[in-house]
Structures are given as C-alpha cells and as structure tokens.
Amino acid sequence: MNENQNLLAEQRRALILDEVRRRGGVRVNELTRKLGVSDMTVRRDLDALARQGAVEKVHGGAVPVVEASTHEPGFEAKSELEPTAKEDIALAAARLVAPGTAIALSGGTTTFALAHRLLDVPDLTVVTNSVRVADVFHSAQRGTARRQGAATVVLTGGVRTPSDSLVGPVADRALAALHFDVLFIGVHGISVEAGLSTPNLAEAETNRRLVESARRVVVVADHTKWGTVGLSSFAALSQVDTLVTDAGLPPEARAEVGEQLRHLVIAGRDEIPGTPGVDADDEGAGADEDAPAAAEG
C-alpha cells in the first residue's frame, strides 16, 4: 500500500481489508504510516469495516473475521462490501449481453448491479430466482406503458433466503424446464478445489439447476470471493466459461484461473500481457467468438 493523503474512504478501507486478509492482521500504527493518514482516520475505517462484519477489532488493530462455512450474510450487509468493484464488474459483464438473447441472473448483489446495466438492452428474456433482480426490471416499467424492447422477466417461485434469492423444489422444477443462452451467477466463494460454493444447501441445489440449464456460464465475483469456501459446492471450475472479476485479484490467483477457465475478464483494467485467458475489459469479452453474440441467434 502506498501512502496517499487523497484516498477516498472506500479505497482506504478496501486497502485495509486486503492487508488484513493477506497478513492475518494489522496494527493501527502500521496503517497510519502506510496510508499516510491520522490514527483517528484509521480507527474510523476499522470501525466501519467491523460494522460490515469484514474485520474483527482487537486491541491496537484488527484481524480477519473467521466465518463458519454455513454463515450467510443478508443482502443489505453484502451490498456494503466492495461496491466499486461490483459496479466495475457489472459494466464489464453487461458487454457480454447481446440484444434478443435469453439470459439468467442468479441472486446476489453483483447480479443486482448487473441488472441495472441491462435495462437498455432490447428484447431480453431474463430468468431469475432473485426478488431484487426482478424488481429492478419491474421498477423500470412501473407507472409507465411498457416500452418497446423491454425485457421479459421470468421469476421463479421458491423459499426466500437471507440474500433474497428464491430456492428449493419450486425454483428447481421451474429451472429444469428452461434453457437460456448465458447464465450470470454470483457466488459466496470460488476456489480451485471447491469450485463455486454457497453456505446455503437449498441454494446450492438451485444454483446447480441454473448451471445445467445454461449454454454458457459466467461467474461475476469480486476478488474477495477467491479462496472462500462455503458449505456446499454446486459447480466445478471446469463448468465455468468466464470469470468477470476486479483488479484486486492477485497475480497467483489469475494464473490459477487462467489454467482452469477459457476466459478471465479483469473489470476496469487494460489487458495484462502474458497472463493466459485474460481479456481486457476495454476490449470486452463480448467480442469473443464464443460469447453470446447476436449472430448466435
């Protein structure tokens, strides 16, 4: 971390969180030197991160929060984590969506951000098990006549989770009968060993159905999800076509992803030379021959 008096609070906290996770703990006096800010500023940042459940404050500093593999934060709590990264990922992922295609959006705060970026893409059919995602499209049409080219939204039924996803047998049966061009799926955790995972057993089964019904699977996940493992795995990395993440993903993780997936998109960054499977965000994976382009039908 370089000293920078002009860092925004969100940027400072992201740097602090990365340092805590990388080192297993930090001291306040170390952060004041590295960030070039006051002791009071660092303590306020640690207070904010502790309120979000991202770190645990200890005497003189902070350590990572050790969560049980069954812990599932609520939607509002997750919305406060890595908001800039999620917006960057949403912008990059939206470039993969061609007009007139059938797509699926799983539950999650990153897919929620993506939904807002898809409102102007014409003639989409959107399948989702997320109440929040469905409401993005419905709210855009509420109170006005249905505009030409507005998305057709299919919301599965099911039991609502803390993250406002609909899961369980009702959702599973609905998804089993559907087929879509591309699935954009958020995850609780992603790793080489465990693949994609979630702390919710019912959600894991519903996510399996989503993956099985998609011609192409795109994971949208910020860098903090890498190395996290939830209670239940629902897909191997070999089942994923593309990972769209942010620039915080460390080089060693990028190399591992490059060995496992066909495409890695680093949102908000230029192409990284020499990294296998990495696509430049400004070039966009939408230009890929395998992306769900309009020519695919």
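The following exercises, each with a worked solution, concern a predicted model of a single chain.

Residues are numbered from 1 along each chain as its sequence is written. Because the model is predicted, local features require pLDDT of at least 70 and side-chain atom pairs pLDDT 80 or more, while totals for chains, interfaces and linings use all residues, and side-chain values use heavy atoms, with hydrogens and water left out.

**Exercise 1. The open sheet**

Determine the strand order of the open sheet that contains E1, E2 and E3, and identify its edge strands.

Solution.
- Strands (E, at least two residues) and helices (H or I, at least four residues) are DSSP runs numbered from the N terminus. Two strands pair if DSSP finds at least two bridges between them.
- E2 and strand E3 (residues 61-64) pair in the antiparallel sense over four bridges. Within this pairing, Val55 has Pro64 as its bridge partner, and Val58 stands opposite Gly61.
- E1 and E3 are also antiparallel, over two bridges; here Val26 stands opposite Ala62.
- The order is therefore E1-E3-E2, by the criterion that two strands pair if DSSP finds at least two bridges between them.
- The edge strands are E1 (26-27) and E2 (55-58), each of which pairs on one side only.
- E2 and E3 form a hairpin with two residues between them, and Gly60 in the turn has a positive phi of about 85°.

**Exercise 2. The helices beside the sheet**

State which residues of helix H2 are buried and what covers them, and describe how H3 is placed relative to E2.

Solution.
- Buried means under 20% relative accessible area, exposed over 50%, and partly exposed in between (1.4 Å probe, protein chains only). In H2 (residues 28-35), Val28, Glu30, Leu31, Thr32 and Leu35 are buried.
- Their cover includes helix H1 (9-23), E1, H3 and E3, where contact means heavy atoms within 4.5 Å.
- After H2 comes Gly36, with a positive phi near 70°.
- Helix H3 (residues 39-51) lies across E2 and E3 and runs at about 130° to E2. For such angles, axes are lines fitted to C-alpha atoms, for helices over the stretch in contact, and the angles run from 0 to 180 degrees between N-to-C directions.

**Exercise 3. Salt bridges**

For the salt bridges Arg43-Asp39, Glu87-Arg117 and Arg208-Glu205, describe where the partners lie.

Solution.
- A salt bridge is a side-chain nitrogen of Lys or Arg within 4 Å of a carboxyl oxygen of Asp or Glu. The whole structure holds eleven salt bridges.
- Arg43 and Asp39 meet at 2.7 Å, N to O. They are four residues apart in helix H3, about one helical turn. Arg43 is partly exposed at 36% relative accessibility, and Asp39 is partly exposed at 36%.
- Residues three or four places apart in an α-helix point the same way because the helix has 3.6 residues a turn.
- The closest N and O atoms of Glu87 and Arg117 are 3.1 Å apart. Glu87 lies in helix H5 (residues 83-94) and Arg117 in helix H6 (residues 109-117), so the pair ties together parts 30 residues apart in sequence.
- Arg208 and Glu205 meet at 2.8 Å, N to O; both lie in helix H9 (residues 201-212), three residues apart.

**Exercise 4. The setting of Asp181**

Is Asp181 buried or exposed, and which residues does Asp181 touch?

Solution.
- Asp181 belongs to strand E9 (residues 180-185).
- With a relative accessible area of 15%, Asp181 is buried.
- Not counting residues up to four places away in sequence, Asp181 touches Thr101, Ala102, Arg215 and Arg216.
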